[in-house]
Amino acid sequence: MPRREVEDIVLRRAPRRPPIRSTYTPSTSPSTPTETSPPFSPEPPRLPRERKPRRRFIVFLIVTLIIFGAGAYLWERFGTVVVTLTPKMIGADVEAVILARSKASAATDELSYDTIRVPEVSLSQSLVAHGTKEVEKRASGEIVIFNSYNGTPQRLIERTRFTAPDGKIFRIEEPIVVPGGVLKSGTLTPGSIVATVYADEPGKEFNIGLTDFTIPGFKGDPRYDKFYARSKTPMEGGFVGTLRVVDESEREAAIAALQSELAVRLGESVSKEIPEGFTVFSQTSVSQFSVTDDAPGEPGSESKVNITVTGRMWAFAFNTEEFSYVLARAALGEGVERGIRVANPEKLEIELLNRATINPDNDEQLSLAVRSPATFISPVDLDALRRALAGMAKDSYKNVFLSFPSIESAEVRFSPSWRKTFPENVERITIETSPTGGQAVNP
C-alpha cells in the first residue's frame, strides 16, 4: 500500500461558533411585546421544585394536638368532682321532757329559743239578729307595765289593780312577771311587759283613751313610784244595756270559722319570719283570740250583729342543730356528737306542757314533751372529708370513705369522666348529702 505523503494530510478543525450576544431592541409600540433572548448560563436549567402539600397538613395536625392536649390538661387540672353522701341514720322512740329558755336568759349548755311575735289580726262576719238581751260588758285594753325599781323580776298576782288618774280601776286577769331592769353605764333601763287589763266594772264610762296607771297595791312601799303602766291601746267595749243578739249556735259557728281562718293567716305570718337554720313547731305556738259583738246590734239599728274575732300568735323558734343535739342526747345518751340532726323535725309530736300558765311576752321557760319516733342523721365532717379526698387517685378513694364511719354510702361523679385523681383544690370537690337513701339503725 503506497504511503501518504505529509502534504496529503490535512487537519480539520471544528468550526468556531460565533459568540452569542444579547441585544436589546426597544419595542416599536407599547402594545407590541418584544422577545428577548435569555442570558447564557453555563449551568443546565433547573427544573421547578415539586410542591409538598402535606407540610401544611402536618403543621395543622401538630397545632391541633397541642391545643387538645392543653385543653385536656387544663380540664384535668381544673375539673371538678361531685360526691353524693348518704349518712348513717339512727332510729329511736323518743320519750323525753326538754326545757328551753329564752335566748337572753339561757345558759351555755341549755336549749334556747327566739320568740316570733305576730301582730293582731281581726276578721269580722255579719249575722242576722233574732232578739235582744240585757248586756253588761267591761271595757278592756292593753297596757305596758314597767319595772324601774331594780334588776329583779317582779311577779304580779291575778287581779292586780291598775288605777287611772281619774280613779277608774282596771285589773289583769292572769298572773304575770315583770322583767327586771337592765343596768347599762350606770343607768337602769326599765324592764317591761305588755298585759291586757279589764275594767273593774261594766259600763261606757270606762271607755277611756291613752293614759298612765299606778299600782295601788304598792302604796307605802318604795316600789310604788318605780312600778307603773302606760296605755298601749284605748280602753274600749264597755257597755250596759239592751243589745240585739244572734242565735247562739250561729254565733259559735261563726267564731269557730273566723278563728280557724285567723290561725291560718297567723301561721303564714310566722312562716315568713322563721330565721335560716331554725325550726318552729306548730304544736308549741301560742294563740290568743278575743271576740266582740259590735255596736250595730243596738236597738234601732239594722237587724245585724258584727262578730269580730281578733287574734295574736307567739311562735318559738329553735336552732335546728341545737335542738337536734339536745333531743339526741335525751334519746341516745350522752355520747352523741355535735352536728347530729333529726330528720324531718316538723313531723315530731311535741306538746307544750306549761301552755296554760306561761305568758309568751315574758320569755318564760318552756317545758316541751316529745313522745315520738325520730330518725337521727349521723354527722359527717365535710371539710375533713374534702381534705382527705384532695389529690386522691380514682382507684383508691373508697378507702377514704371507710375511715368515716358515719357514712352509709357514697356516689362519686368525675368531670371530665376520664379524670384519674381528685382535684388538689378542695373547693373543686362538691359534697352533697342525701339522707333519703340511708337505712335507719336501731341502737
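Guide: Ala, Val, Leu, Ile, Met, Phe, Trp, Tyr, Cys and Pro count here as nonpolar, Asp, Glu, Lys and Arg as charged, and the others, Gly among them, as polar. With that in hand, the lining of the largest pocket in this predicted model can be read by class, and the lining has 17 nonpolar, 15 polar and 14 charged residues.

Visitor: How is such a pocket found, and what is the volume of the largest pocket?

Guide: Rolling a probe the size of a water molecule over the atoms shows where empty space is left. In this structure the largest pocket has a volume of about 1500 Å³, and 46 residues line it, with Ser140, Gly141, Thr196, Tyr198 and Ser290 lying nearest its centre.

Visitor: Which strands each supply at least two residues of that lining?

Guide: Strand 5 (140-147), strand 12 (191-199), strand 15 (239-245), strand 17 (286-293) and strand 18 (304-319) each do so, and strand 17 gives the largest share, with 8 residues. These belong to a protein that has 5 helices and 24 strands in total.

Visitor: What percentage of contacts between residues at least 6 apart in sequence join residues at least 24 apart?

Guide: Among those contacts in the protein, 76% join residues at least 24 apart. As for burial, 33% of the 443 residues count as buried, while the accessible surface comes to about 29000 Å², of which 52% belongs to carbon and sulfur atoms.

Visitor: Taking a single residue, why does Thr279 count as buried?

Guide: The general idea is a cut-off, since buried means under 20% relative accessible area. Thr279 has a relative accessibility of 11%, and therefore counts as buried. Thr279 lies in strand 16 (residues 278-280), and, leaving aside residues up to four places away in sequence, Thr279 touches Phe316, Ala317, Phe318, Thr320 and Pro345. With one of these, Thr320, there is also a polar contact from side chain to side chain, at 2.7 Å.

Visitor: Turning to the backbone, where is Arg159 found, and what is its phi?

Guide: Arg159 is found in the loop between strand 6 (154-156) and strand 7 (161-163), and phi of Arg159 is near 70°, a positive value in a residue other than glycine. Asn344, whose place is in the loop between strand 19 (341-342) and strand 20 (350-352), has a phi near 50°, again a positive value in a residue other than glycine.

Visitor: Why do Arg159 and Asn344 count as partly exposed?

Guide: Partly exposed covers the range between under 20% and over 50% relative accessible area. Arg159 is partly exposed because its relative accessible area is 41%, and Asn344 counts as partly exposed because its relative accessibility is 43%.

Technical notes
Residues numbered from 1 in each chain as written. Predicted model: local features only at pLDDT ≥ 70, side-chain atom pairs only at ≥ 80, totals over all residues. Heavy atoms only, no water. 1 Å grid on protein atoms, 1.4 Å probe; cavity = no way out; pocket = protein on both sides within 12 Å on 5 of 7 lines; lining within 4 Å. Points joined across faces, edges and corners; volume = space filled by probe spheres on them. Helix = DSSP H or I, 4+ residues; strand = E, 2+ residues; numbered from the N terminus. Buried < 20%, exposed > 50% of the residue type's maximum accessible area, 1.4 Å probe, protein only. Contact = heavy atoms within 4.5 Å. Areas by Shrake-Rupley, 256 points an atom, 1.4 Å probe, with all protein chains shown as cover. Polar contact = N/O pair within 3.5 Å; in protein donor to acceptor, adjacent residues only side chain to side chain.
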